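Reader: I would like a close look at one group of packed helices in this protein. How do they cross, and which residues bring them into contact?

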Amino acid sequence: MSWNCCESLDMAELRCRKTVVKEGEEEEHQQCESEPCSENFTMDKVSLKEKCSEDTDGATCGVQEKEKEDEEEKDEDKKEEADSQKPSPVKRNRSACRSVMLQSLVKLFFGCLAAVTCGMMYAVYLYTYHERKFWFSSRQELEREITFQGGSGLYYYYYKHMLTAPSFERGIYELMRDNRTVSGQTINAVERLSLYPELITSLLYRITGSQDVIEPVYFYIGVVFGLQAVYVTALFVSSWVMSGTCVAGILAVAWYVINRPDTTKVDYAIPLRDNWALPYFSCQVAALTGFLSNNINSASEMFCYLLMSATTFTFILVWEHSHYVLFIQGLALFLLDSFDLVPSRKMADIHKVYLSSLFLAYVLQFQNPALLSSPLLSLLISSVLARYFQQNMKMGPLVARLMKLFLHFYLCFTTGITFSYVAKRLMPVRESDFILKFLEVKFGLNTTTDFVTNRLLCQECFQTPSQDFFLRLTQASVLPFYLLVLLICLISTLQTIYRRLSGEPMKMNLRLEDGRIGEQPEVIYHVFHTMLFGALAMVFEGYVPKCFRFTCYNLSDMKTNGCHCSHVVFSHRMKYLWTPYVCMFTAFGVCSPELWVTLFRWLRLKSIHPVVLALILSTAVPTIIGFSLWREYFPRVIAELSELQEFYDPDTVELMNWIKTHAPMAAVFAGSPQLLGSVKLCSGWTVTSLPLYSDIDLLRRSEDTYQVYAMRSAEDVYKILSLHKTSYVIIEESLCNELSHTKGCRIKDLLDIANSHVVYDKGEMYSFSKHGRFCHEIKMNYSPYTNYFSRVFWNRSYHVYKVNSVISFQY
């Protein structure tokens, strides 16, 4: 009985244990499973001891009790020591957070390093390719300038002008009151030609003290190639942000470089406006991608917002067609907002970016009326007004929400059209009417004999897509994977739209095993983005013939190759906006585990877990693609950089040297706009027209100078040229003897149609006029042509005639 008594006491004490409360509680408390752990536990312990001492010998029980207490104290010391060595839950959580943060920083560092490295390598590649193609460093200044053909040469001329001006302020003043470029006109060249890139570049060249370090031409092309590096880096970042792995960025850059003929024009037309502007648009898309993401903290969101604001404004400022591109982007964002796929707060912030950028660009572009009548501004105003009148558009059952949605689209469409119409009536914009007429003819809604409209319609960039374009994308494995990725993302997006219209809230914290790639706002945006730009590319995309890509700069070879640089200069093609994002979007898809999980969830795989298989494929597929691209295309890239291409154009060099040495300072030259751009660059002499396709007045002046290739009398051509105060007219053999183009799209055919010198007989088109073709007849050197014109220079490619100021009639 005494042993049991002591044992009962010990067991009662052993029932008490220590427990630690969960997070948020720092104290420890005693918890007991039996009554001895009550407040009277001490008294019970004393009474048990007394009872034990009465029944047995006190000494024996005391020894056993002491031994038990010593053992218990040792056990408690061991437990306390073990507990002190174990970290608390709070410490474990902090340690885990630090580990995750460290991993994220390491991934961010190496991802940024890879993105910057890819951009720098691409810039070096472009510079090396340009050097090998033109032998640029071994050429004289005149031969270097000839490589900047057409519109490119014109922009570079103004860059040179800013460097030769006494001061930067004086240079701007002269450009804003330029009466030495277009004959009979004083123009604001900064406004007319969007010369902000040249102004900024010349300012950087001055303030950085680069005069003693690098030549102006190398500084200029270096800035352009640097922007292309930014372009590639932004594509890398966009694909990386959506997929979560920098492997996607590397694959996007590889596809971009491989498909260079369809992704960029910088290798043969360096200073064109879109080569300056598209890198900023790419940065804007990357910032917008991060801004739309749900998994973004407040600091990153603010950074993306500021970057998006700066790049949107710069993009509008440096390119006159930028607001059309942003209108297409705005349509994609409008669809996201209408289907309630993005928070209203973010859409309001994006609208603020658009409106503020338009306003600032309107001020800096000298109150450009095209911005106020732009479709982008009409879309912004119409969407805001429609949303104001439909406060509860995103509420109600499925049928009610569909009806509200159709009403929303109708309100936006009618409001936008009305605003655009009123804006054009208050601020007449002739170019907008011309664009509307052009689109009517393009889509078969109207016909015209207008030379300018038909000439634009005959450009390669407005023809139906060629098989070569799709074949190149397929050979590089972009197109097949693009269609697969787009199909999966589109179906998942449609499922998300249906769930939203049915009233199901959008999941903010998606897990990998959910398999809902279409619930990520940034992915949905890029689905709409690529579909809209792709649709326009399919309508307006064309191909660049081989002679345009490789020998169009050699003007003396145009006669034998049958090509003309006008098809290159006017090449603001939608494919150069669409194809880079095809590369980026495809790379994101094949490297994204979420996309593969979405596909396997639909297929309901049971043999292997979808997440495991998705992780395997998202690594294996990019690896296989990258290896095949490396094996097939890397030797081609190396061969391009090692091959020295011959650039030799003696006829153009001879012409420019004659103009610089024999023509008087007050001379005015007429000719094709592309050639006049080179004349302006190399000599600085005044010209009758410029190679610009956004100015209807200059397009009409170009039509007048093209009359030398029409069947017009010497007197008619003389009157037209005299009207523009022409001193010399340059006739090009490549245009006068143009044979390669389809009949009806040659310059002389378009002129015959516009001048009503065409007869249709049994489905065939014939040219008819009582006068011969001027460019042929003037070479005969007989009256009345010799009365009005005197030949002063000729070679294999060009004939220069002086327009006589005093007419001498000889019979």
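Author: Helix 10 and helix 11 make a right-handed crossing, in which the near helix is turned clockwise from the far one by less than a right angle, while an anticlockwise turn would be called left-handed. The model is a predicted one, in which local features need pLDDT of at least 70 and side-chain atom pairs count only at pLDDT 80 or more, although totals for chains, interfaces and linings use all residues. Residues are numbered from 1 along each chain as its sequence is written, and side-chain values use heavy atoms, with hydrogens and water left out.

The axes of helix 10 (216-243) and helix 11 (residues 246-258) come within 7 Å and cross at roughly 140 degrees. (Helices are DSSP runs of H or I with at least four residues, numbered from the N terminus; axes are lines fitted to C-alpha atoms over the stretch in contact, with angles from 0 to 180 degrees between N-to-C directions.) Because of that angle, helix 10 is oblique to helix 11, the word for whatever is not under 35 degrees (roughly parallel), over 145 (roughly antiparallel) or 65 to 115 (roughly perpendicular).

On the helix 10 side of this contact, meaning heavy atoms within 4.5 Å, stand Gln 228, Tyr 231, Val 232, Leu 235, Phe 236, Ser 239, Trp 240 and Ser 243. Their partners in helix 11 are Cys 246, Ala 248, Gly 249, Ile 250, Ala 252, Val 253 and Tyr 256. The contact of helix 10 with helix 11 is made up of 11 nonpolar, 4 polar and no charged residues, where Ala, Val, Leu, Ile, Met, Phe, Trp, Tyr, Cys and Pro count as nonpolar, Asp, Glu, Lys and Arg as charged, and the others, Gly among them, as polar.

Helix 10 also packs on helix 13 (273-292), and here the axes come within 8 Å and cross at roughly 25 degrees, which means that helix 10 is roughly parallel to helix 13. This crossing is left-handed. From helix 10 the contact takes Tyr 220, Val 223, Val 224, Leu 227, Gln 228, Val 230, Tyr 231, Ala 234, Leu 235, Ser 238, Val 241 and Met 242, and from helix 13 it takes Arg 273, Asn 275, Trp 276, Leu 278, Pro 279, Tyr 280, Ser 282, Cys 283, Val 285, Ala 286, Thr 289 and Gly 290. Sorted by class, the contact of helix 10 with helix 13 holds 17 nonpolar, 6 polar and 1 charged residues. Gln 228, Tyr 231 and Leu 235 of helix 10 thus appear both in the contact with helix 11 and in the contact with helix 13.

Helix 11, in turn, packs against helix 28 (residues 575-591) at an angle of about 145 degrees, with the two axes 8 Å apart, and the crossing of helix 11 and helix 28 is right-handed. Here Val 247, Ala 248, Leu 251, Ala 252, Trp 255 and Tyr 256 of helix 11 meet Pro 580, Cys 583, Met 584, Thr 586, Ala 587, Phe 588, Val 590 and Cys 591 of helix 28. The residues of this contact between helix 11 and helix 28 divide into 13 nonpolar, 1 polar and no charged. Ala 248, Ala 252 and Tyr 256 of helix 11 take part in the contact with helix 28 as well as in the contact with helix 10.

How values were computed. Helices (H or I, at least four residues) and strands (E, at least two) are DSSP runs, numbered from the N terminus.
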